[in-house]
Each structure stands twice: as structure tokens, then as C-alpha cells.
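Colleague: I have a new model open and would like to go through its side-chain links. Can you take my questions as they come?

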Amino acid sequence: MAPTSPAPTSAVARSSRWEGRRWLTFLVAFVVLFVPMALWALASPIASIPDEPSHAIRAAAVARGEVAVVPWDQNSTLTAATVPENIANAHDLLCFAFHAEVTADCQTPLRDTDQTLVETGSSAGLNSPVFYALVGWPSVFLTGDAAFYGMRMVSALLCAASLAVMFMQLTLLPRFRWAIVGGVVGVTPMVVYLAGSINPNGLEVAAAGGLFATLLATFRGSQLGRRLVEQAGLALVLASALITTRSISLLWLLVIAVVAMLLGQRERVLRVLRSPIAWLLIAAIGVACALTVLWYANPPALGPGGPVTQASPASLLFVFFFTELQTVDFLFGMIGFFGWVDTSAPSLTLAAWTTCIALLVAVAFLWGKRGTKWAMWVFLAVIVLVPGFTQLGVYSEYGYIWQGRYTLAMLICLLTVAGVALDDAGLGADGRVRHFVTGAYAFLFAGHLLAFVMVLRRYIVGANGSLSEMFFNDGWEPPFGWKSLALIYAVVSVLTVVLLRRVFVVSAGADITRDDQLVTPAERLETAEIQRLDTAEIQRIQDIRANRGR
């Protein structure tokens, strides 16, 4: 475990100010995140998100008290669910799936708002019911398409809150300028898209990012007493949300907890682990994990998902290496592969994220602190190797099923660690760097907006349809019209870039040049002397001096 040195006095003071207004930070981040997620929720046609019909059916069933699952009589590979006919018909709305030139107009004759309860099947019955209970309740009192949009909006609320906690927690670090940059790059268009859908993958990513940042801030900060209780409460909620999304999230929880603890200050980690709050937290998360494991350990006896083949060791070896060779394709999937894996993000969007991800990771490996860079290797190894090993376990029955979005939870942690490594190394930000980062933000959010518009194009006129026809002819329209949604998305994107630039400039970082201009030579010597002290002790000394000054 490599201890991190405290930040200079001026950086600590700025960090303390951010801690005092942490819930304002949360609120601002929540609004900035929720608006584009809600726009995606409105812009995506019903059932256009991967597996959304099954997730919607399962959510509506759990909301009506149907938690236990049994095989469906008409198809033993699915679990039975009793839901309103309007929701049960979601499977019939896939007329455009896998056909990028078929528009969402094909759904019009298939719409049915009948609320009569009928039995249908869902492929999501093996998942933990917690996520579905959280998002399914709007379907109890909303009818027609509003039931789908209501469930999507609840998912967006949960994801926006989880990611807002992530950014709030990052501002509690002694240095967090580059950590914020890493978090922003980690929120790819695919993350925002999934958040505005009925799919546990979105909450999985958001909860993973929020939990990792919370544990980092806890093991590196100075929170005690009520503040430590607050940190523990957030960690418990986020950990519980994470592990109840998908079965592999139990692995994500283990990786996140171990890496965050080893990145903490040794004395701080020991102090936290000796507190009763920490043991209560560990016990509560242990209970949640045990219940989740118990759920997955007792699945219903479903029929085989496909023809089971006996794979030889040689063929399994081929499966592993073939999956590993798709790592770059999986990266593109983490950036944006929309619809039923039939609509790729535009080239500019892919270029924006691949460039920024590669730059951030490369710079972190070159100039990041050595005691932090090992964590990047851990997350990289998980991102690269887990798909191959997971594919080995399911290939015989399901074939190749892995998609890039399945490792988004680890990507957001990797990019956050890359930023932390640069903050730990004291990488400054002069005028040129600030302009460069602002330009990168603008590049990224142009990619966000273009992905949003091009996915709308795919459902209005087809993936290769005419833009002029999209603008001037009648076709499928989302609620409130696509032009209104796109305009709001553009305005929010511009305002977000302005806000992020401001955060980058005023955040608590390691600007040696800027800090030197704020203190006298005597204060610099004093700062160098107290850098060996714990962050909490530094704050105590500053408070004493402030009282004497009064």
C-alpha cells in the first residue's frame, strides 16, 4: 500500500471549501447528468434498447409483487410474468431490430394500450429483483407508452444520482482536478444512453463509479464522526445497487473495494477500519452480497438457451483468444453501439472518445505517480481478460454473447484512476493545458450531441436516410418532437462545457506555479515542512491560525 502525500496548504484549503458545499456540487452534477439521460429516455423508441422488452416485463411483474420466478409454459427458456397486455406486447415492437434502415414507424399498427393482465415470458427473470422493484413502480399507475417512459425516467434518476455522488466524492479528494477529467471521459454516450433505458446495465455503471469515488474519498480524506457515517451510508446504498444489477457485479464490487483500499493512506485506512461504522458497513454489504448470491444460486429450472455443444480444449482456447482479439471492438461498444447492436456511434463520436481515452491513459502511465499507476494495470487487466474468461463459461450453450457495454463499470473506474494518478503526481495546468482540456471537453460533447442526433436519424429516416427528409418531412417523432429534444441537448452540452472548464480552473489541484504566486517564500518552506502531516492535522492547524488572526 503506497501512502499518498498531502496536498499543499492552499490546495487543502480549497478542498475544504469544496467539502463544505459538497451537496451543492451533488445537486449541480445531478441536474447536468439527468437532463441528457431524460432526453435519451424520450428519444429512444419503445423497445429499441437491448433486451428492454424483457426488462420492462420483469420490472412490471416485480412491481406487482411477482418476485419469485417459474418457467413460462409456452417457452421454457423464459420465466413467466403476469403484466398488463400493453407491456406484454413489447416483444412485438421489435420490427426494426437488426435492420438499420427500418424506421420506428413500423411500430404504429402494433401499439396496444390494453391494461388487462396477461401472462408472458421474460429473459430477465434470473436477475436480482431489486433493480426491477426500483424502476417498475410507475407501471402500476401509468398506462400505454407512459408506463415505459415512466420506468425509463426512474432509471435515469437513479443513474444520475449515482454519478452525481461520484463527482461529489471526487471533489473531496485533496487533489481532484484530473480525477474529474477522468470521470467526465468515463461518462461515454453509451453510459448516458443506457441510463435512460429499462436496463440494469446503466445503474451498474453509475453505481460502480459512485462507489469507487466514495471509497477513494473515504480512505484518502479526513472524514470522521457524522461525516464518516454519511460516507458509509452512501457506500452501502451504492454497493447494494451495484451487486443487484447483474451477477458479474459481485466481481466488480470486489475489485473496486480492494483497489480503493490499497490506494488509500495507510494510517487513514487503519483508522477507518478500526471504527464501528466501518464494521457495520462491511456487515451490511456482506448481508446484501449473501442474499444476492443466494438468489443466483437457486435459479428456476429453465430449458437450455440453445443447442449445447461439447467444446474441446482446443476450441475453447480459440474462443478465448478470439474474444480477446475483439478488445478494440468492445471499446467502441463502450463508447456507443446503440439499438439492438445495429447502430454504431458516428465516426466523430468514436474519434473523440478513443482519442481522449488513449491520451488520458497514456499520459497517466507516463507522468502519473508510480504508487497509483498499478491500479490502472488492475482495471486494464479486468477489462481485457474478464470477457475472454466469461465467454469460456457460456460459449457451449449461448455462443459469443459478450458486448463492450458489459465492462463499462470498469472503464469508468480505470479513467478515474488515471486522473487520480496525475493528481498524485502533481501535474499542473497552465494556460495552455486549460485551453487544451476545454477543447477536449468541447470535442467530447460535440460527440455526445452528434450521437444523439444520428441515433434519432436512424429511427426517423433510417441509418442512411436523407437529413433533409429528416428535417422537413413527416415521419416517426419522439415525445415533444426530435428538434426540441436535440436543441435542449445542444444547449445543455454547451453549458456543461462551460461549467467543466470552470471546475478545472478552480479545482483543488497541484498547480505549483499558481500556488507559488499565492504564498510567500516563508510560507512555501512551512508548507514543505507540514506535508509530512496527516491532512486532518493540516486542517486543524489552519483553523487555529484563523482563530488567532481574528
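Colleague: Which cysteines form a disulfide, and how far apart are their sulfur atoms?

Modeller: Cys95 and Cys106 do, with their sulfur atoms 1.9 Å apart. A disulfide here is a pair of cysteine sulfur atoms within 2.5 Å. This is a predicted model, in which local features need pLDDT of at least 70 and side-chain atom pairs count only at pLDDT 80 or more, while totals for chains, interfaces and linings use all residues. Residues are numbered from 1 along each chain as its sequence is written, and side-chain values use heavy atoms, with hydrogens and water left out.

Colleague: How many disulfides does the structure hold?

Modeller: The count is 1.

Colleague: What does the pair tie together?

Modeller: Cys95 and Cys106 both lie in the loop between α4 (85–88) and β3 (117–122), so the disulfide ties together parts 11 residues apart in sequence. Helices (H or I, at least four residues) and strands (E, at least two) are DSSP runs, numbered from the N terminus.

Colleague: Is that disulfide right-handed or left-handed?

Modeller: Right-handed, because the torsion about the S-S bond of Cys95 and Cys106 is about 80 degrees.

Colleague: And are the cysteines buried or exposed?

Modeller: Cys95 is partly exposed at 26% relative accessible area, and Cys106 is partly exposed at 24%. Buried means under 20% relative accessible area, exposed over 50%, and partly exposed in between (1.4 Å probe, protein chains only). Cys159, at 1%, is buried, and Cys356 is buried at 11%.

Colleague: Changing topic, how many salt bridges are there?

Modeller: There are 9, taking a salt bridge as a side-chain nitrogen of Lys or Arg within 4 Å of a carboxyl oxygen of Asp or Glu. One of them joins Glu19 to Arg227, with the closest N and O atoms 3.2 Å apart.

Colleague: Where do Glu19 and Arg227 sit?

Modeller: Glu19 is in helix α1 (residues 9–20) and Arg227 in helix α11 (residues 226–243), so to speak distant parts of the chain, 208 residues apart. Both residues are buried.

Colleague: What about Arg227 and Glu230?

Modeller: Their side chains meet in a salt bridge at 3.1 Å, N to O. Both lie in helix α11, 3 residues apart, about one turn of the helix. Glu230 is buried, like Arg227.

Colleague: Asp430 and Arg432, how far apart are they, N to O?

Modeller: That salt bridge spans 3.5 Å. Asp430 is partly exposed at 36%, and Arg432 is exposed at 68%.

Colleague: Which residues do shared partners join into one network?

Modeller: Glu19, Arg22, Arg227 and Glu230.
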